Structures are given as structure tokens and as C-alpha cells.
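Biologist: I am new to this structure. Could you walk me through how to read it?
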Amino acid sequence: MDISLIIAQFMSGISHGMMLFLIAAGLSLIFGVMNILNFAHASLWLVGAYLSYTFWYILQDYSIAMWLSIVLTTLSMGVIGMIIEIVLIRRIYNRDLSEQLLLTYGLILVIGDGIKIIWGVDNKLIPRPEIVATPIDFFGIPFDSYFIFVILTGLSVTFFLWWFLKKTRYGHIIRAAVYSREMVSALGIPIPRIYTGVFAMGIAIAGLAGAIQAPIGSITLGMDMSVVVQAFCVVVIGGFGSLLGTFVGALIVGEVYAFSILLWPQGALIFIFLVTAFILIVRPWGLFGTPMRK
Amino acid sequence: MNNKKKLLWIAAIFAAALILPLIIGEFWVHIAIQILIMGLFATSFNMIFGYMGQLSFGHAAYFGIGAYATGLLIVKASIPLHFSLAASMIVAGLSAVVFGYFCVRLTGIYFAILTLAFGQLIFYIVFQWYSFTGGDDGLQGVVPPDFLFSAYSYYYFTLIIVTAALIVMWMIGESPFGYTMRSIRDNDSRTRFLGINVRAYMHVNFIIASMFAGLAGGLFGPFNRSIAPDLLSWHHSGIPVFMAVIGGSRSFFGPFLGCIIYTFLMAFITGFTQYWPLVIGTIIILVVLFAPGGILGILESRIKALLSWKGIDEIGKKTDDESY
């Protein structure tokens, strides 16, 4: 195995990790703030991918069609997230865990069939625009230029989330709400509106991830199933509710995935699970999480 | 309700189940077999959910392992069904020894995630191991022995095994072990102070529940004549959760009742639409939103007298009001 192959694989691992980060970040954010585990997160990611196809299809005569479809998808998924929160999630804040999970499980079934009805069973493909279609030279190694775009997007979202949560007023409110809902609402801040915003943001990021996934390969039914489990592994490795943990976890899973594909293609997911199991034995609350609250 | 009356009810239901195939047509016998198998699956799930208080979202993996164990033994080694059913329980139990060890270290939502992740791991192993499991083609030609070939004989075979399994599970639930599980569910710190090794007890319970799920899976393969990896997947794991929630998880027969409702719904709805997941997904969402505690929670208050035989788990019922 020569060094250029290793570097190429390393870069593709980072780009896969960034994709996982975009999905897991919303999952972790929603769980951390609202204490609701959204099983349907990856299904909504897939909706984002299909939606971006539709936007691209309408706009395909323009040269910026793909870029525009990414923006439009992110915005519309934010709106969809808002609607889901107001109509469904808001009613189950104080329910048993089993009912919360059943509701999002029901959503998976509805979304899965909904995609089948709206977009059919055929695979969809968005051709890449010229600028990200050709490989670029990366220290003498040809490297898929679209992956550079994915990595840059992932880093920008990471930075945005960090800035938003640590530096802005709304970010401070959200972090305060994690520690005490009662105290925050006693200060006159409407908790339900904060929750709606957080859920919409999480779903918008998932939509963004779906939109930038679409031009990588074709969009197929059921591709959310393998991604959702990897996203769960990411948050378990990193620790729920920790942005840094999710970022590191995503890179670990991305790299494990990229290199195990080189060694034993069928076993990629198995390696990821082994890493997850190992971390759970050593640190059940994840690398950057805090020990479980009872 | 006293024990005598309870036994009378159960005997009456069993007798009704015995004469049932004489009245209904073959299509409904198939539905009845499905109810028995999925009812066993849901009841085994409830050993973890109702008695231990943890939500497993990967229980279908053990059902699927059981199905594949029986299926592979029948297809590749022509081992008779009654031996391969035992093998199903053992293989599912052994997998639960390994995976359960990690799962019982966590509780609540973390338990749900880990069971789900391990369930998907097993699903992917089966899905991708073409040479052994047939991958996504599944396993064809899982045929029961000649004397069980007709739906009627397979019904009685399933009825006997499921009844025996339910009796064993009921006895486990009523044993000191079962009451230890309830005590862990209601307060695991206090249980630990009593000197009970909570993790070990949970692990054993997880293994037993998985063995019965494996048995249900073993019965399912020859009934369905083929096995698909979908049986292990997460989508299949949600079904017993739904059954337990609509039927009531705090009574022994609740999940079984939920299974009857679910299976009838499915038989009815798949008759005129291929979008069964869409319909059941919508039903699940509506039940969670508008009927917390399940359909039976609503019915129970109205026709309590009629349903009072449900109250086998009377201790569990009393703790319903306490924190969960």
C-alpha cells in the first residue's frame, strides 16, 4: 500500500466524516437541548437529498442550479423541521421514552413511503457542475474536488454552530435551557419557541447534508438506513450533546470507514461498531460527554 | 381477581384457540399462526420493556438470528424442526450473552440506542455475508417437515410451543427472579442496596428474553417458507414496541393483545394498499399523540369489567402510578 493511496483514503475519510458530522450534529443538538432522540433524522436527511434533486431539476438550465438547490433545500428543510416540531414533537415533550421513540419511528415509516410516492423508486442523480467535477492535484495525488467542497462545508457548519452556541445571545439561551428549562422560562423566555428553533436548525443542517450528498453518488431509497446507524455511533463515541465530541466522533467514524473499506469492504460497518463498543466499555458516556445524569 | 378465575379464563382462551381452525378458513389460520408467533415475540420483548423497564430497539435481531438458525439448519443440514428450534434459542441466547453484556451497562435512552446499534450490526452481518446467509436474497426453501406442511397442523404445532413458552415466561415473571426485575425497574439503586447484582440480573433477563425471541423467529421461518434479512432490521424491532404500547406493557398479556390488534390491522389494510408502512406509521403517530397509554388504556376505563382478566401483573399495576 503506497503513501498516496493512504493519503487519498485519509482525505475521503475526512469528507465522509464531515457528512456524518452534519447529520449527527443536528441529532446531538436536538437531543442535548430537547432531550428527544429523533430516529427520523436520517430519513429527513434523505428527504433533503430528494428535495435538492427536485430543485436542481427545475433549475437545471442555469449554471448555478446545484449551488442554488443546496441553499433552497437547507431553507425548506428548516421550514419542514419547524412544522414537524409544532405539529408533532411539541406534544410529546413530557411523555415516556417509549412513546417519544415510537412517534419518530412512525415518522420513519411515513417518510419512507412518502418518498416512494413522491419521487418513485428510481435512483436520482445530480450531475456536478464543472468546477467540482474534475479531480484536483493534492500534493501530486489526484483528489476529488467535490470532497474539498464537502470538507469546507462541514468546517463552516462546525464553526457556525460553535459561534452560534458560544457567542450569540440565542446560543446562550439554548445552552441555559439545557441546564434548567424552568429557570430560563422564569426569565420570560418562551421555551417552546426556542425548541422549535433548535429542531428547525437541526433538520436544516440534515437537509444541507442531504443536498451535498446528492451529487456524490446517486440517491437511492433506503440509503438512510446505514447512515443513521453510523450517526448514532458518532454521537455515542463523541458523547451526546457535545459539539466537539460529535466532531471528533464523526472524524473517527469517517476514517475507520474509509480505511476498513480498503482492507475489507463488507466489514466497514463492523469495524465502526467495534470502535463504538470499545469506547462504550472504557467511557460509557462518550469521549467528550459528561457521565450520565440519573 | 383470584387465581382460580384467572386460570379459568386462560383455559377458556386455550380451548377456543384449539377449536378455532375448525371454524375459520385457511387464510385466517395463517393470520392466527402469525398472531401466535408475533405474540410470542412481543411477549419476549416485554420481559425487557415491561418487567425490566428498559426499551430495546433491537429485539428483532434475536428474532432474526433465531429465524436464520432454524432456516440454515433446515436448508443446509436438513436437521428436523424440533432440534433446530432448540438451536434457535441457543444461538439467539449466545448472541445475547455477548451483546447484552454491553447493553445492560446503560439504561434509558442509551440502552435503546445501543440495542438498536447492535441490532443493526447483526442485520448488516447477515445482509452482507452472502456465502452463508444468502445476503439480501434471503433464504429460500425453509420448508417444515411433511407432517407440519399444512397450515392446520403447523397451527397446532405453533400453538403448543407458544403456549408452553408463554407459561414458562409467566412462571419466570412470577418467580423471585421476576419480582427482582420489577424491583430493578422501579428502583435500581434500592435493589442494589439489597445486595443484588443488578447488572447480572439484567443480563440474564436480556438473555432469556432474546432466547424466546429466537424461538419465535425459529417458528417464523418454516411458516413463511423463506427468511429475509429485513426480519432483523430496525423496522422490525419497532413492531413489538408498538404492540406493547397499544396493548399495555404492565400486564403479561398486554403485548399479546397488542399483537392481535396489529396483525388484524395489517391483514385488513394490506388487502387494499401496498403502502402498509405509511398507514401503520400514521396510526402509530396518531395513537401516540391522541391515545397515550394505548388503545386499551382508553377501552380499559370503559369496559374494565370485561378486560379485568388482563390484571395478572397486579403488583406491577399498583406501581403504575409511581415514577417509571
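Modeller: Start with a term. Helices and strands here are DSSP runs, numbered from the N terminus. With that, we can place a residue: B:Arg225 lies in the loop between H10 and strand S2 (226-227) of chain B. Keep in mind that this is a predicted model.

Biologist: What is the phi of B:Arg225?

Modeller: The general idea comes first. Most residues other than glycine have a negative phi. B:Arg225 is not a glycine, yet its phi is positive, about 70°. Its place is just after H10(B).

Biologist: Is B:Arg225 buried or exposed, or partly exposed?

Modeller: Partly exposed, because its relative accessible area is 29%, and that class runs between 20% and 50%.

Biologist: Which phi does B:Ser78 take?

Modeller: A positive one again, of about 50°, and B:Ser78 is not a glycine. Look for B:Ser78 in the loop between helix H3 (60-77) and helix H4 (81-103) of chain B. Its relative accessibility is 61%, so B:Ser78 counts as exposed.

Biologist: Back to H10 of chain B. How do I check the span of helix H10?

Modeller: Count residues, then compare with the ends. The expected span is 1.5 Å times one less than the number of residues. Helix H10 (residues 198-224) of chain B has 27 residues, so it should span 39 Å. Its end C-alpha atoms are 38 Å apart, which agrees.

Biologist: How many residues of H10(B) are buried?

Modeller: Buried means under 20% relative accessible area. In H10(B), 21 of the 27 residues are buried, so the helix is mostly covered.

Biologist: What comes after the loop, in strand S2 of chain B?

Modeller: B:Ser226 is in that strand. It is partly exposed, with a relative accessible area of 21%. Leaving out residues up to four places away in sequence, B:Ser226 touches B:Leu139, B:Gln140, B:Val142 and B:Gly221. For a distance, take B:His30: it is 196 residues from B:Ser226 in sequence, and the two C-alpha atoms are 15 Å apart.

Biologist: Now the whole of chain B. How many helices and strands does chain B have?

Modeller: Chain B has 16 helices and 2 strands. Of its 324 residues, 57% are buried. Look at contacts too. Among those in chain B with a separation of 6 or more, 77% join residues 24 or more positions apart.

Biologist: How much area do chain B and chain A bury between them?

Modeller: The size of an interface is often given as the accessible area lost when the parts come together. Here chain B and chain A bury about 4000 Å², with 82% of it on carbon and sulfur atoms. In chain B, the residues that lose the most area to chain A are B:Ile109, B:Ile113 and B:Trp234, together 16% of what that side buries. The contact takes 42 residues from chain B and 40 residues from chain A.

Biologist: How many cavities of 30 Å³ or more are there?

Modeller: A cavity is a space where a probe fits but cannot get out. The count is 3 cavities of 30 Å³ or more. The largest cavity has a volume of about 70 Å³.

Biologist: Which residues line the largest cavity?

Modeller: Both chains appear in the lining. Among the residues of chain A are A:Val235, A:Phe240 and A:Trp285. Chain B gives residues including B:Leu106, B:Tyr110 and B:Ile113. Helix H9 (223-238) of chain A and helix H5 (108-128) of chain B each give two or more residues. H5(B) gives the most, with 3 residues. By class, the lining has 10 nonpolar, 2 polar and no charged residues.

Biologist: What is the volume of the second largest pocket?

Modeller: A pocket, unlike a cavity, is an open set of points. The second largest pocket has a volume of about 1100 Å³. It is lined by 39 residues. Nearest its centre lie B:Asp230, B:Ser233, B:His235, B:His236 and B:Pro277. Helix H4 (residues 97-119) of chain A gives the most to this lining, with 7 residues. By class, there are 25 nonpolar, 10 polar and 4 charged residues.

Biologist: One last residue. Where does A:Leu287 lie?

Modeller: A:Leu287 lies in the segment after helix H11 (268-282) of chain A. A:Leu287 is partly exposed, at 30% relative accessible area. Not counting residues up to four places away in sequence, its contacts include A:Ile237, A:Val248 and A:Ile279. A:Leu287 and A:Phe240 are 47 residues apart in sequence, and 9.6 Å apart in space, C-alpha to C-alpha.

Key
Residues are numbered from 1 along each chain as its sequence is written. Chains are lettered from A and ligands numbered from 1 in the order in which they are written. This is a predicted model: local features need pLDDT of at least 70, side-chain atom pairs count only at pLDDT 80 or more; totals for chains, interfaces and linings use all residues. Side-chain values use heavy atoms; hydrogens and water are left out. On a 1 Å grid over the protein atoms alone, a cavity is a set of points where a 1.4 Å probe fits but cannot get out, and a pocket is an open set with protein on both sides within 12 Å along at least five of seven lines; lining residues have an atom within 4 Å of a point. Grid points are joined across faces, edges and corners, and a volume is the space filled by probe spheres set on the points. Helices (H or I, at least four residues) and strands (E, at least two) are DSSP runs, numbered from the N terminus. Ala, Val, Leu, Ile, Met, Phe, Trp, Tyr, Cys and Pro count as nonpolar, Asp, Glu, Lys and Arg as charged, and the others, Gly among them, as polar. Buried means under 20% relative accessible area, exposed over 50%, partly exposed in between (1.4 Å probe, protein chains only). Contact means heavy atoms within 4.5 Å. Buried area is the accessible area (1.4 Å probe) that two parts lose on being put together, summed over both.
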